[in-house]
Amino acid sequence: MNFNQQSFIKKSSRKGLRFFDNQPVAEDILSEVIAGLSQPQKVLPAKYFYDEQGSRLFEAITQLPEYYPTRIEIDLLRQHKESIAKLVKDDVWLLEYGSGASLKIRLLLQAIRPNCYVPMDISKDFLLASAESLMEDYPWLDVYAACVDYSQPVRLPADMITSAQKLGFFPGSSIGNFAPHEAQIFLQGVRNTLGKDGAMLIGVDLQKDKHILEAAYNDCQNVTAAFNFNILHHINRILGTQFNVNYFEHKAIYSENKSRIEMHLVSTMDQIVNISDSSINGGESKNIIFKAGETIHTENSYKYSKQSFIDLVEGAGFEVRECWSDDKEYFAMFYLHCC
Ligand code: AVJ
């Protein structure tokens, strides 16, 4: 990722909103997409679901009857927000990874009243729009938005470095998008960003019956399918490729032995998709060949037991201070402290 610091710190036109713009550039996206689609099992990084349309589709998913994680997590935040507020210091900075619509954070703001809220998301327009409406509703809140790809090491600008306590917020079981070994590396990076006195509030989807899991990713209204197809629409728009989504089908299955939901796009026929963008890299071009039935693996969503998740976070330099979950133990929220 190539960038120099200065040019990215902007004063958004929106009143008092500080904004750090480090959105990935097309070059990097092109080489990442070509690399992924050139593998024996074709893959596309899940982060490319999230253009503005993708962020909206995900918000729609969170409203679906089959998609239980968001509802349970919101209940847990409502129930325990006072306990969480008692655990953090008055001048805390709240750093949210993958903030999306910044809806869940609203449940904590009044109780915690952070000194500064730092929403981080790869979807720039959605991030800025969400930050703006938050500032309208919470005029006392200082917001410093950061358009970043948090799956990569994030180097925050100097004026985002503070001696105040930092509370990381990573809801929704987005940690599940990382394979466990990658999740550990990511959490170690977060641990370093939060510092010795830091803390982390993280939501994780727990292992459960396969049918409940598969229903959550194969909803009757096909919103998840639309979300899955959107990765092709997004790539077509930014790289000028000609993927025809009608030549693909949505598939989401639970792998018991890998303890993960896998989402795929299945090619319904033999087809060739050319990936080249003369304006990028002097016209790097490649034909991607699909056989009928071949898939693009678009997302993993790993599910944990409470113990396997405790092992993961302890291995990344955190200690578990609190754990809250619903009666059916479908979803858990952990409050961690940096060791
Ligand atoms: C945002 C990654 C937590 O894996 O459950 C929802 C994304 N994918 N439906 C998840 C998603 C399909 C979601 N995360």
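How many residues surround the ligand, and which are the closest?

## Ligand shell

In this predicted model, 14 residues surround the ligand, each with a heavy atom within 4 Å of it. The closest are Tyr67, Gly172, Tyr217, Glu299 and Ser301. The shell comprises 7 nonpolar, 6 polar and 1 charged residues; Tyr counts as nonpolar, Glu as charged and Gly as polar. At least two shell residues come from each of α2 (52-61), α8 (223-239) and β13 (295-302). Helices (H or I, at least four residues) and strands (E, at least two) are DSSP runs, numbered from the N terminus.

## Polar contacts and burial

A polar side-chain atom of Tyr67 is placed 2.6 Å from an oxygen atom of the ligand. The side chain of Tyr217 likewise has an N or O atom 2.6 Å from a ligand oxygen atom. For Glu299, a side-chain N or O atom lies 2.7 Å from a nitrogen atom of the ligand. On its own the ligand has 350 Å² of accessible area, of which the protein covers 98% (Shrake-Rupley method, 1.4 Å probe).

## The sheet containing β13

Strand β13 belongs to an open sheet of 4 strands with mixed pairing, in the order β3-β13-β10-β9; strands pair if DSSP finds at least two bridges between them. The edge strands, β3 (42-43) and β9 (248-255), each pair on one side only.

Strands β10 (residues 260-267) and β13 run antiparallel and are joined by 7 bridges. Ser301 of β13 stands opposite Ile261, and Ser301 is also among the residues closest to the ligand.

## Basis of the values

Residues are numbered from 1 along each chain as its sequence is written, and side-chain values use heavy atoms, leaving out hydrogens and water. Because the model is predicted, local features need pLDDT of at least 70 and side-chain atom pairs count only at pLDDT 80 or more, whereas totals for chains, interfaces and linings use all residues.

Key
Polar contact = N/O pair within 3.5 Å; in protein donor to acceptor, adjacent residues only side chain to side chain.
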